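Trainee: Could we go through this model together, one question at a time?
Mentor: Gladly; let us look at it first.

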Amino acid sequence: MSDYLTLKPATIEHAEGVGRVIREAIEQVNAKDYPRAEINRLLQNFTTERIAGLLQQRQTLVALAGEQIVGTGAIRGAELKSVFVAPDWHRRGIGVALVCELAKIAARDGIETLEVSSSLSATQFYSSLGFIEKSRNFFGDEETVLMTKAIART
């Protein structure tokens with residue numbers, strides 16, 4: 001990641017921007033792997049109001065380019081949640097930086113293995129970071145891939 005990008009804990013003031021990034025990624029990236037009805041269902045999970053509620057339940061980070069939110073990721077226990085990068089900002093190391101920082105948080109909390117319920121769209125990304133596929137699950141028409149990775153404790 002470059003000097004102009006920063007990671008910081010998300011606050012309620014970030015809810016709208018976090019939701020925007022997630023919805024853009026679902027519409028432009030995940031839509032290639034899932035039926036339209038499933039995309040519409042997923043989009044309903046990431047309204048600004050729902051994001052505000054999730055911020056109370058998870059440790060969430062935002063990736064900022066200046067003041068613009070360009071990525072987000074969260075952790076709850078040992079599970080990575082909602083790691084997304086705005087499509088225009090893909091392949092710049094933002095997703096890697098988010099996952100690495102979330103892994104550091106997990107290690108500080110004594111967690112030894114991370115897991116993520118990956119979309120089909122993100123399995124290659126997580127594999128490149130050392131995550132291993134454990135199983136495939138269906139939530140309605142949404143196929144996800146449970147992946148895990150051992151992490152070093154700090």
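What follows is a talk about salt bridges, a pocket, a core, a cavity and two single residues.

Trainee: What should I know about the model before we start?
Mentor: This is a predicted model, in which local features need pLDDT of at least 70 and side-chain atom pairs count only at pLDDT 80 or more, while totals for chains, interfaces and linings use all residues. Residues are numbered from 1 along each chain as its sequence is written, and side-chain values use heavy atoms, with hydrogens and water left out.

Trainee: How many salt bridges does a search of the whole structure find?
Mentor: Side chains of opposite charge can pair when their charged atoms come close. A salt bridge here is a side-chain nitrogen of Lys or Arg within 4 Å of a carboxyl oxygen of Asp or Glu. Searching the whole structure gives a total of 7.

Trainee: Which residue meets E38 in a salt bridge?
Mentor: Look in helix α2, residues 36-44, where the two partners sit 3 residues apart, about one helical turn. Helices (H or I, at least four residues) and strands (E, at least two) are DSSP runs, numbered from the N terminus. E38 is buried at 5% relative accessibility, whereas its partner is partly exposed at 32%; buried means under 20% relative accessible area, exposed over 50%, and partly exposed in between (1.4 Å probe, protein chains only). With N to O at 2.5 Å, the partner is R41.

Trainee: Which residues do salt bridges with shared partners join into one network?
Mentor: R136 meets E133 at 2.9 Å, N to O, and R136 also pairs with E143, the closest N and O atoms being 3.1 Å apart. R136 and E133 are partly exposed, at 42% and 41%, while E143 is buried at 17%. The network is therefore made of E133, R136 and E143.

Trainee: Which element gives the most to the lining of the largest pocket?
Mentor: On a 1 Å grid over the protein atoms alone, a cavity is a set of points where a 1.4 Å probe fits but cannot get out, and a pocket is an open set with protein on both sides within 12 Å along at least five of seven lines; lining residues have an atom within 4 Å of a point. The largest pocket is lined by 40 residues, with V83, F84, S119, A122 and Y126 nearest its centre. Elements that give two or more residues to this lining include α1 (15-28), α4 (94-108) and β7 (142-150). The most, 7 residues, come from β4.

Trainee: What is the volume of the largest pocket?
Mentor: Its lining divides into 19 nonpolar, 13 polar and 8 charged residues. Here Ala, Val, Leu, Ile, Met, Phe, Trp, Tyr, Cys and Pro count as nonpolar, Asp, Glu, Lys and Arg as charged, and the others, Gly among them, as polar. Grid points are joined across faces, edges and corners, and a volume is the space filled by probe spheres set on the points. For the largest pocket, that volume is about 1200 Å³.

Trainee: Which element gives the largest share of the largest nonpolar core?
Mentor: A nonpolar core is a set of buried Ala, Val, Leu, Ile, Met, Phe, Trp, Tyr and Cys residues joined through side-chain atoms within 4.5 Å. Of the 49 residues in the largest one, L80, Y126 and F131 touch the most other members. The largest share of this core, 8 residues, is that of α4.

Trainee: Which element supplies the largest share of the lining of the largest cavity?
Mentor: The search finds 1 cavity of 30 Å³ or more, with a volume of about 60 Å³. Its lining holds 7 nonpolar, 3 polar and 1 charged. The largest share, 3 residues, comes from α3.

Trainee: Is I39 buried or exposed?
Mentor: I39 lies in helix α2. Leaving out residues up to four places away in sequence, I39 touches I26, E27, N30, A31 and Y34, contact meaning heavy atoms within 4.5 Å. With a relative accessible area of 1%, I39 is buried.

Trainee: How far apart in space are G140 and E38?
Mentor: G140 is in the loop between β6 (132-139) and β7, and is exposed at 63%. G140 and E38 are 102 residues apart in sequence, yet their C-alpha to C-alpha distance is 8.1 Å.
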